[in-house]
Amino acid sequence: MKHLSISLFFIIFLSCSREETHEPQPIDNPYYDQAFAYLDSGPVDSAFFYLNLAKDVFLEANDSLNAAYCLTQMAIILTNQGDHFGGQETSLQAVAYLNQRNRAHHHYLGSNYNNLGIASRNLKDYKRSLDFYDLAIKFSDDSLDTRIYLNNKAVTYKEMENYSEAYQIYQQVVEETSKDPREYARVLSNMTILKWLQDPTYNAIPEFLRALRIRKEENDLWGLNASYAHLTDYYQKKRLDSAWYYARKRYEVAKQIESADDQILALRRMIRLGPSDSTKLYFATYQRLSDSVQLARNAAKNQFAVIRYEAEKNKADNLRLQKENAENAYQISRQRILTTVIAIIAILLLAGSVYWHRKRKQRLELEAQNRIKAHQLKTSKKVHDVVANGLYRVMTEIENKPDIDREGILDRLEVMYEKSRDISYDTEVDVPSADPPDFNDKLAGLLTSFASDETKVVIVGNDIDLWETVSLAVKHEIEHILQELMVNMKKHSWASHVAVRFERIGHELHIHYSDNGVGLPKTFTYRNGLTNTGNRIKNLRGLITFDTEVEKGLKIHLSFPVF
């Protein structure tokens with residue numbers, strides 16, 4: 001509904017109807033369907049409201065094309081309702097969602113730039129209006145759309161009184177309109193008014209009447225409205241009665257098409273051209289209609305502003321609620337994560353404690369078992385060294401010596417008895433509390449006690465000076481080591497000759513044992529006796545070496561540090 005020219009109304013009508021054939025296929029959006037239902041039925045404020053809701057749904061779905069289409073329709077509504085600044089603003093928002101490099105968007109770009117051109121022209125910003133029409137023509141993908149945009153451009157030149165430029169545009173499109181009677185009549189009528197405006201002497205009546213006849217045949221009410229306006233303008237300076245007649249005809253058609261703006265324009269001419277007795281009636285009608293239109297437009301502007309405000313307010317409220325929900329969700333998630341972390345740490349600590357307790361229990365049990373084994377081994381060692389070897393030594397002396405020292409044997413048996421009793425009470429008896437006198441003699445007595453008529457024992461280097469700096473513990477261990485060797489010799493070697501040589505080299509004491517017995521078999525394995533011997537040598541940080549490569553007999557080399 002434009003107030004500047006009849007042709008402009010027709011063009012806008014054609015432009016809007018043409019857009020419907022290019023309407024994009026939207027996603028499932030009930031607001032979109034409701035909006036176009038209101039557009040078809042007439043309440044544009046409701047259509048505007050639902051278009052705005054549909055636009056938000058499309059934006060959330062990342063459907064920029066349909067969002068731009070909704071904004072374009074909203075902009076056209078605003079422009080048609082006289083809110084030209086609002087129409088410009090909304091169209092510019094639509095441009096932001098359209099891609100000039102995407103041919104699927106070109107039709108919507110053309111329609112949107114056309115609305116910007118109309119809004120700018122209505123605001124008398126003609127230069128910018130022409131630029132927008134050029135952009136609409138650039139992105140037009142349909143010849144009819146192109147002719148509509150060219151017609152709007154020509155109307156702008158007409159309002160600028162640049163009639164030659166407007167006429168050139170109509171000459172450019174007139175041949176293409178010959179197949180469409182309505183469009184041809186529109187172009188013919190516009191070209192004729194331009195000829196007359198450039199040359200007031202030009203007889204435009206035949207062409208005006210020709211366009212009028214075509215429009216009557218086509219029942220083109222909007223076209224008739226334009227023809228009656230042109231005839232009124234043409235006759236108002238030539239024949240007032242004809243001008244008044246066509247002004248009344250225009251007023252009647254304007255009422256049929258429900259165009260308040262055209263009714264007002266027709267009433268203005270009727271007031272100026274009609275008889276004086278009817279002027280007062282026409283003026284009252286004009287005043288009432290003009291006030292009604294102005295109030296309606298102001299109300300529409302306010303209503304659309306309220307709709308946009310409420311939409312933005314609702315959007316802001318939704319964003320605030322979303323933010324609050326997001327913050328609450330974040331706090332809940334954070335609390336859950338913290339609770340989960342604490343639970344995991346507690347579980348890990350509990351599992352770690354159980355694992356540590358089990359390991360500790362296993363370690364303590366193993367240590368207890370090792371202590372028992374060590375104690376058993378120590379007891380076994382004591383029994384072996386003190387009781388078994390001691391008894392064997394006594395048995396050997398009784399067996400091999402014709403003169404038995406009964407008192408000495410009894411003394412040794414008593415000592416063994418005491419030591420065995422101490423072992424049963426787990427009393428340490430290994431190391432003597434005082435250094436026995438003449439350790440070399442004691443050691444010689446030990447070795448010679450295993451001599452017999454069949455076995456000769458030779459001792460070399462067992463001097464008293466050798467043992468002066470040797471500790472009691474070392475002497476005690478050496479005594480048991482040599483006793484073990486002699487017992488094994490007596491039991492297993494069948495040796496007839498045994499030699500034991502002692503020497504000291506620096507801070508090391510060396511003992512060389514050799515016999516001419518059967519030696520050690522290749523499959524030899526350590527048993528209790530030699531195992532104890534090895535442990536004793538190890539305790540003294542010494543070494544024991546068995547020489548089994550000799551043809552017959554056994555050689556053992558013992559060495560350990562002494563200080």
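Five strands make up an open sheet with mixed pairing, in the order β1-β2-β3-β5-β4. The model is predicted. Two helices pack on this sheet, α17 and α18. Two non-glycine residues with positive phi are also covered, N62 and W494.

**Sheet**
- The edges are held by β1 (456–460) and β4 (543–547); each has a single partner strand, so one side of each lacks a neighbour in the sheet.
- From one strand to the next, the twist averages 10°.
- Strands of a sheet pair through backbone hydrogen bonds, in either a parallel or an antiparallel sense.
- The pairing of β3 (residues 508–515) with β5 (residues 554–561) is antiparallel and runs over 8 bridges.
- Within that pairing, S514 has K555 of β5 as its bridge partner.

**Helices on the sheet**
- Helix α17 (residues 439–448) touches β1 and β2 (497–505), and its direction makes about 155° with that of β1.
- Helix α18 (residues 472–493) touches β1, β2, β3 and β5, and its direction makes about 10° with that of β3.

**Positive phi outside glycine**
- Most residues other than glycine have a negative phi.
- N62 is not a glycine, yet its phi is positive, at about 60°.
- The loop between α3 (44–60) and α4 (64–80) contains N62.
- N62 counts as exposed because its relative accessibility is 70%, and the cut-off for exposed is over 50%.
- W494 likewise has a positive phi, near 55°, and lies in the loop between α18 and β2.
- With a relative accessible area of 74%, W494 is exposed.

How values were computed: Residues are numbered from 1 along each chain as its sequence is written. This is a predicted model: local features need pLDDT of at least 70, side-chain atom pairs count only at pLDDT 80 or more; totals for chains, interfaces and linings use all residues. Side-chain values use heavy atoms; hydrogens and water are left out. Two strands pair if DSSP finds at least two bridges between them. Helices (H or I, at least four residues) and strands (E, at least two) are DSSP runs, numbered from the N terminus. Axes are lines fitted to C-alpha atoms, for helices over the stretch in contact, and angles run from 0 to 180 degrees between N-to-C directions. Contact means heavy atoms within 4.5 Å. Buried means under 20% relative accessible area, exposed over 50%, partly exposed in between (1.4 Å probe, protein chains only).
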